[in-house]
Amino acid sequence: LPARPQVARISGTRTWVAHVTPATPTTGQVGFQGKTIELQRSTPGGWVRVRSARLARKASLRWGAFNYQARFTVPTRGLRLRAYLPAPSAAPCYRPGGSEPWRS
């Protein structure tokens, strides 16, 4: 199962929050606490890492009890970005995977 991070923008800012939620609560107990997630941008040569951050557990009504999130601030407009969970962070329960791309 590939990891599928989701991204939400904090309105009125240039900050995006990447969310990773395990598919089942049992994997949520192991969790993604302290694992890295990358912010990548699209280039003609492929996806390139812009920033990385550590995931922290933060339960919410919208994202669920086993929500792990990281914040990214992107001052530059017009970049094509995605959140990506690399293999060392996704293992052992998931394969690496990225979110749907968006424009900053």
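Y68 has a relative accessibility of 3% in this predicted model, and because buried means under 20% relative accessible area, Y68 counts as buried. F32 falls under the cut-off of 20% as well, since its relative accessibility is 5%, and F32 therefore counts as buried. These two residues form an aromatic pair with an edge-to-face arrangement, in which the ring centres lie 5.9 Å from one another and the planes make an angle of 80°. The pair links distant parts of the chain, for F32 sits in the loop between α1 (25-30) and β3 (36-43), whereas Y68 belongs to strand β6 (residues 68-73), and 36 residues separate them. A further aromatic residue, Y94, joins F32 and Y68 in one aromatic cluster.

The aromatic pairs in the structure number three. One of them brings together W16 and W102, whose ring centres are 6.1 Å apart and whose planes stand at 35°. Planes under 30 degrees apart would count as stacked and planes over 60 as edge-to-face, so the angle of 35° makes this pair tilted. W16 is placed in strand β2 (residues 15-20) and W102 in strand β9 (residues 102-103), so the contact between their rings ties together parts of the chain that are 86 residues apart in sequence. Both W16 and W102 are buried.

F32 also leads to another part of the structure, because among the residues in contact with A90, once the neighbours within four places in sequence are left aside, are F32, L85, R95 and P96. A90 is part of helix α2 (residues 87-90), and with a relative accessibility of 2% A90 counts as buried. Between A90 and Q33 the separation in sequence is 57 residues, while their C-alpha atoms are 11 Å apart in space.

L85, one of the residues that A90 contacts, turns the view to the strands, where L85 stands opposite G97 in β8. Strand β7, which spans residues 80-85, is mostly covered, in that five of its six residues are buried. With strand β8 (residues 97-98), β7 pairs in the antiparallel sense, and two bridges are found between them. The pairing of β7 with β9 is likewise antiparallel and extends over two bridges; here R80 has R103 in β9 as its bridge partner. Towards β3, in turn, β7 is joined by four bridges, and these two strands run antiparallel, with L81 in β7 serving as the bridge partner of R41. Strand β7 thus has antiparallel pairings with β3, with β8 and with β9, and β9 is also the strand that holds W102 of the tilted pair.

The loop between β8 and β9 contains E100, which takes part in a link to a distant part of the chain. Side chains of opposite charge can pair when their charged atoms come close. In this model the count of salt bridges comes to one, and that salt bridge is formed by the side chains of R4 and E100, with a distance of 3.3 Å from N to O. R4 lies in the segment before β1 (6-9), and the two residues are 96 positions apart in the chain. R4 and E100 are both exposed, whereas F32 and Y68, the partners of the edge-to-face pair, count as buried.

Methods:
Residues numbered from 1 in each chain as written. Predicted model: local features only at pLDDT ≥ 70, side-chain atom pairs only at ≥ 80, totals over all residues. Heavy atoms only, no water. Phe/Tyr/Trp six-rings, centres within 6.5 Å; stacked < 30°, edge-to-face > 60°. Buried < 20%, exposed > 50% of the residue type's maximum accessible area, 1.4 Å probe, protein only. Pairing = 2+ DSSP bridges. Salt bridge = Lys/Arg side-chain N within 4 Å of Asp/Glu carboxyl O. Contact = heavy atoms within 4.5 Å.
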